[in-house]
Amino acid sequence: MMDASCHPHMPIGGFWRSFSAAFTSASLINPPPMTSHLFHRGANANTVGTIFSSFNYVDNQRHFSSNAPLFFLNKFMHKHVEDAEIKSDVTKNAVVPRIAIIGGGIAGVTAAFSITKNLQKEQDCSELSAKIVLFEADIEGGQRNVPFETCQQPIWTAATARNANSIVPGAAMHVMSQRSTLGKILTDTCQEIFAKFLEKIQSGTKNTISYKSNIDNFDVKPPYFALHLIRCVGPSATWDERATFFHFLRHFLVTSFLSGENEAHERGKFIQELAKSNRLLFLEALKNEIGGKDLSDRMGSNKGFLSLHRSREAAMHAVKEGKDHNEISEMIPIEDAILLEPRISNLPMANSLFAVHRKDDYTANSAVFVQDLVKQIKAKGVEYRCGNKGMIRGISTSQASNENNREPGAHATTTNDSRFRITTEDGNTHNFDYVVLAAGVNTPLLARKLEVENAPQSIFRPSFCPTYPLRGYSLTVYTNHTTQDGNERTKIGRSSNLLNMPISVDDMYCSSVGVNMARIAGFGELVGYRDKAENVPSLAPKVMARYAKALFPESDVTEEAALQCFRPMTPDDIPLVGEVSSVPGLYLHTGHGTLGWTLSLATAECVAQVVCEDICGREPESVYRLPGDVVVDRAKLSPDRFL
């Protein structure tokens, strides 16, 4: 602002009229929330004095007689700044929006990160002017960092800590909700039953006859799916667990039967666009916000991917999918693939495989990334609760809240006027204006509490969250810090990754997850919820151990080291993202299935956009805008699509 002393001949009346006009037109008397730089939280009466000091009119006692208009203006400004301070105090104590994010896996943490970042952009400040609390039931959640040099299996039970760690957009090309999947689920389940039957005969016989199934050799592809119907709806399942299974099954059958190959391809294309934006957000986070080179090494980050196929037709189909989605994808001779990743030659059937090279795919350890992201959000003011403080016992809508009169951007004036009431395992009750459900496989059970609140329980009533757990397995392989030729490793870093390039073979993904560590992950089994399904037998550990021993002969990996991970699957493969229209203030960020690491950063940005619209009182758009010039129709992600 130019000093008035530079214009000694300016009439004081002219200055008064000019300043008054500017003052009125700028709406400083009634500043709009979060837009006035004059009345931000640090503004006070001294701020006005500082402003007037630039005009050399601060000492009003001495210049009162000659500068009366400015004296009254100064008094007038003091009064309105004091009013603004009172409003600011109200905002701090009551009007600041309170946001609960339930779930401390990758879906919940990325949602907290994106909402925080977007709110700060909206308010053009570095401080967080919303109370955000993230609830994580697992005490071994994102706060705990296990040194990546140690040979310790992940204790954190979230799929975030146990998945294949693929950010590959190529993985997003394959959708399960199609007719061919229905037949594969049945045939794979029959193969599993037969293999277990042979194992039982083998263990019960005293002769030397060897009974082998396809899980005991590399000649044929092992089964991927399994269905244990009795575990999903039998006596061990609760009413809510049965209801979520029937909701999922009904929509899955309808989607798979009624949609042909073209419809499935369009869903894959849509998911692929989200995956591309996710990749850009991941690279941006590495560069600007999360940690750079050191984090990249700790995550075992790799660029490039090799998918191995048992037939030329399958490999050509993978190449076509890549080109259809504008991804660099080419079939290469298996000899060239072995040059890129020598461990492929350890597979007994290596010479009969066909390789597809995808140059722009990435892999990295998602657990390490999430743990660093937790540090970021805590530093920005997000409260992270875990254990009993983060375990949700109950969630309900507040009876004191009158949603019919609540306008967008209008928040509760008292804690008793909030939309939601959450009770945690430690017995405390918390009130919130907004809730983001991102609790992985437990999300539909929490959503069920809100669905049945004002309606009778029924498996036939539509659900806005028809997801269901899909059990998979991961096997983390450790070595003794030596290379295959026996020489000791002298450099700890990227050169010590067990794999030069991640690979997939027979629907299993294998990638580096840190120094001297690699992980194999895969399989999709419908066996119920985690607490009921942990003892349900599976062929997966045995199959994965066999592949791990082949790829990493220097390791001492066993099938007992295989860990279960449960992924929230939607009936149409597309995540559930956005507001639930029947429960204002409730948002979902779930249903990523096997693609949590592949999609969560992008879908978290979508959640942040719609939450910030409501908080800031803007009219909602019909699309989400993501990096890479990706424009996403909100209806395709909306939970309302199943109602």
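Begin by selecting helix 15 together with the elements that cover its buried residues, which include strand 1 (98-102), helix 9 (239-258), strand 8 (392-397), strand 11 (434-437) and strand 18 (586-590). As you do so, keep in mind that the model is predicted.

Now hide those neighbours and keep helix 15 itself, residues 443-451, which is mostly covered, with eight of its nine residues buried. Stepping through the helix, you can pick out the buried positions as Thr 443, Pro 444, Leu 445, Leu 446, Ala 447, Arg 448, Leu 450 and Glu 451.

Next, move to helix 10, which spans residues 261-290, and select Glu 263 within it. Is Glu 263 buried, exposed or partly exposed? Its relative accessibility is 40%, and because buried means under 20% and exposed over 50%, Glu 263 counts as partly exposed. With Glu 263 still selected, add Gln 178, which lies 85 residues away along the chain, and draw a distance between the two C-alpha atoms, for which the model gives 8.7 Å.

Finally, zoom out to the whole protein chain and colour it by secondary structure, which comes to 19 helices and 20 strands. If you recolour by burial, the buried residues make up 55% of the 643 residues in the chain, while a surface view shows an accessible area of about 28200 Å², of which 54% belongs to carbon and sulfur atoms. Should you display contacts between residues at least 6 apart in sequence, 76% of these contacts in the protein chain join residues at least 24 apart.

Conventions: Residues are numbered from 1 along each chain as its sequence is written. This is a predicted model: local features need pLDDT of at least 70, side-chain atom pairs count only at pLDDT 80 or more; totals for chains, interfaces and linings use all residues. Side-chain values use heavy atoms; hydrogens and water are left out. Buried means under 20% relative accessible area, exposed over 50%, partly exposed in between (1.4 Å probe, protein chains only). Helices (H or I, at least four residues) and strands (E, at least two) are DSSP runs, numbered from the N terminus. Contact means heavy atoms within 4.5 Å. Accessible areas come from the Shrake-Rupley method with a 1.4 Å probe; for residues, only the protein chains shown count as cover.
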